[in-house]
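Colleague: I'm new to reading models like this one. Could you take me slowly through a single part, the place where strands lie side by side, and tell me what sits around it?

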Amino acid sequence: MSKNLKTYRMPGSEKTLKAPMFVYRRRLELIEELLEELLCFSTAGNIILVEGQRDMASLRELGIKGRIELVTRHPLAEICEKVAATEKEVVILTDWDRRGVILENKLSDNLEHYGVKIKHQLRKRILSLVQKDIKDVESLYSHVVKLRQIADPKYQFDDTNDNVFT
């Protein structure tokens with residue numbers, strides 16, 4: 001380990017952190033605010049577009065109950081026509097790897113052609129908070145659980161009933 005790299009110990013644990021505890025707590029707080037915003041967006045009847053089943057499962061585990069559509073099961077034109085027919089707003093949550101960014105750009109272009117309003121800012125804010133730590137939407141749930149364990153060591157992970165918004 002480099003002498004310039006400063007690490008911090010977790011209270012009551014042998015684990016070391018790369019940043020002070022308040023950084024993890026603040027990041028968790030911001031992520032939970034974004035997830036709350038995403039929940040409100042989806043419960044208002046708007047649509048979240050994801051790449052795969054695991055992405056959908058991760059969002060469901062985080063308490064997102066609204067409409068989540070898979071974009072890799074059908075041709076893009078068909079998906080865009082279907083979404084445009086609903087006249088709802090959309091958030092595109094594809095992975096932030098090269099393939100996910102290409103898919104997001106294609107979806108954006110096609111949906112904008114149909115006049116669908118896309119909430120680009122929500123995706124950008126999520127990426128800005130998690131992009132250095134995880135590479136895809138499916139890892140979002142486990143990342144939030146990990147941050148909660150760091151921010152509050154008394155937090156107990158319970159896979160059967162765990163919800164970020166409880």
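Modeller: Sure, and let's begin with the whole chain: of its contacts (heavy atoms within 4.5 Å) between residues at least 6 apart in sequence, 61% join residues at least 24 apart. Keep in mind that this is a predicted model, where local features need pLDDT of at least 70 and side-chain atom pairs count only at pLDDT 80 or more, while totals for chains, interfaces and linings use all residues. Residues are numbered from 1 along each chain as its sequence is written, and side-chain values use heavy atoms, with hydrogens and water left out.

The chain has 6 helices and 5 strands. These are DSSP runs numbered from the N terminus: helices are H or I with at least four residues, strands are E with at least two. From that end, the order reads β-β-α-β-α-β-α-β-α-α-α.

Now your part. Three strands make an open sheet, in the order β4-β3-β5, with parallel pairing. Since β4 (67-70) and β5 are at the edges with a single partner strand each, one side of each has no neighbour in the sheet. On average, neighbouring strands here are turned by 25 degrees against each other, direction ignored. For angles, axes are lines fitted to C-alpha atoms (for helices, over the stretch in contact), and the angles run from 0 to 180 degrees between N-to-C directions.

What covers the sheet? Helix α2 (residues 53-61) packs on it and touches β3, β4 and β5, its direction making about 165 degrees with that of β4. Helix α4 (residues 98-113) lies across β3 and β5, at about 160 degrees to β5.

Zoom in on β3 (residues 47-50) and β5: they pair in the parallel sense over 4 bridges. Two strands count as paired if DSSP finds at least two bridges between them. Along this pairing, L49 stands opposite I92, and V50 stands opposite L93.

Next, follow the side chains of β5 (residues 90-93). V90 and I92 point one way, V91 and L93 the other, and all of them are buried. Buried means under 20% relative accessible area, exposed over 50%, and partly exposed in between (1.4 Å probe, protein chains only). Over the chain, buried residues make up 45% of the 166 residues.

One last stop: L140, in helix α6 (residues 140-151). L140 counts as buried because its relative accessibility is 3%. Beyond its neighbours within four places in sequence, L140 is in contact with residues including S58, L59 and L62.
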